[in-house]
Amino acid sequence: MATTLAPYGMRPAWHLGGGTIRSIQFEGGIATGYATSLFEGDAVRLVAAGVFNATAAGELTDGVFHRCQYTAANGDIYIGPYWPASTTATNITCWVYIDKQIVYQIQSSGSIAITGRGDVADIVVRYGTL
């Protein structure tokens, strides 16, 4: 059966120490108006005191975006795995996987030789839509 190209980012698979995989909560973890969408599984980097941005190609990553919660400008409360670009919000909280002992499942953008499985991966940054 052929593999379907359906990018999902970095999906936590297991913990090297056998522990429970948990994301860490960061209050104010995304700046209001941040102009890039974040999707569950996207690599992120810490850019300022507790604020995360998407990791750009060639940058080191500090974690993997899990989900966020915020109060939208119209007063609605959103909780989920997506930060829409340029959202103006208050009470912003995000959850990020930052544990270096987590092993991730990552879809390849090409074929992988059997000898390359389990290797470290370069990330092709994706900015798509839900």
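Start by selecting Asn 91: with a relative accessible area of 57%, Asn 91 is exposed (exposed means over 50%, buried under 20%, and partly exposed in between, using a 1.4 Å probe and protein chains only). Asn 91 sits in strand E9, where strands (E, at least two residues) and helices (H or I, at least four) are DSSP runs numbered from the N terminus. Have a look at the backbone too: Asn 91 has a positive phi of about 50 degrees, and yet Asn 91 is not a glycine. Most residues other than glycine have a negative phi.

Before you go on, keep in mind that this is a predicted model, in which local features need pLDDT of at least 70, side-chain atom pairs count only at pLDDT 80 or more, and totals for chains, interfaces and linings use all residues. Residues are numbered from 1 along each chain as its sequence is written, and side-chain values use heavy atoms, with hydrogens and water left out.

**Zoom out**

Switch to a cartoon view. The protein has 10 strands and 0 helices, so there is no helix to look for under the DSSP definition used here. Of the 130 residues in the protein, 32% are buried. Turn on a surface and you are looking at about 8200 Å² of exposed area, with 55% of it supplied by carbon and sulfur atoms (areas are from the Shrake-Rupley method with a 1.4 Å probe, and for residues only the protein chains shown count as cover). Contacts here mean heavy atoms within 4.5 Å. Among contacts between residues at least 6 apart in sequence, 64% join residues at least 24 apart.

**Another positive phi**

Now go to Ser 86, in the loop between strand E8 (82-83) and strand E9 (89-97). Ser 86 is not a glycine either, but has a positive phi of about 65 degrees. At a relative accessible area of 45%, Ser 86 is partly exposed.

**Strand E4 and its partners**

Next, select strand E4 (residues 43-48), which pairs with E6 in the antiparallel sense over 2 bridges. Pairing here requires that DSSP finds at least two bridges between the strands. E4 is also joined to E5, by 4 bridges, and these two run antiparallel.

Which residues are the bridge partners of Val 44 in E5 and E6? In E5 the partner is Ala 54, and in E6 the partner of Val 44 is Gly 63. Follow the chain round the hairpin of E4 and E5, which has 2 residues between the strands, and you'll find Gly 50 with a positive phi near 80 degrees.

Stay in E5 and click on Asn 53. Is Asn 53 buried or exposed? Asn 53 counts as buried because its relative accessibility is 17%. Leaving out residues up to four places away in sequence, Asn 53 touches Tyr 34, Ala 43, Val 44, Arg 45 and Val 47.

**Rings**

Show the aromatic side chains. A search of the whole structure finds 4 aromatic pairs, counting rings of Phe, Tyr and Trp (its six-membered ring) with centres within 6.5 Å; planes under 30 degrees apart are stacked, over 60 edge-to-face, and the rest tilted. One of them is Phe 26 with Phe 52, an edge-to-face pair at 4.8 Å centre to centre with 70 degrees between the planes. This pair links distant parts of the chain: Phe 26 belongs to strand E2 (residues 24-27) and Phe 52 to strand E5 (residues 51-54), 26 residues apart. Phe 52 counts as buried, at 3% relative accessibility. Then select Tyr 70, Tyr 78 and Trp 83, which ring pairs link into a cluster.

**His 66**

Move to His 66 in strand E6 (residues 63-72). His 66 is buried, at 16% relative accessibility. Draw a line from the side chain of His 66 to that of Tyr 97: there is a polar contact of 3.3 Å (a pair of N or O atoms within 3.5 Å; within protein, one must be able to donate a hydrogen and the other to accept it, and residues adjacent in sequence count only if both atoms are side-chain atoms). Beyond four places in sequence, His 66 touches Ser 23, Glu 40, Pro 81, Trp 95, Val 96 and Tyr 97.

**Last stop: two cysteines**

Select Cys 68 and Cys 94. Why is there no bond between them? The closest cysteine sulfur to that of Cys 68 is in Cys 94, 7.5 Å away, which is too far for a bond. With a disulfide defined as a pair of cysteine sulfur atoms within 2.5 Å, the count comes to 0. Cys 68 is buried at 0% relative accessibility, and Cys 94 is buried with a relative accessible area of 0%.
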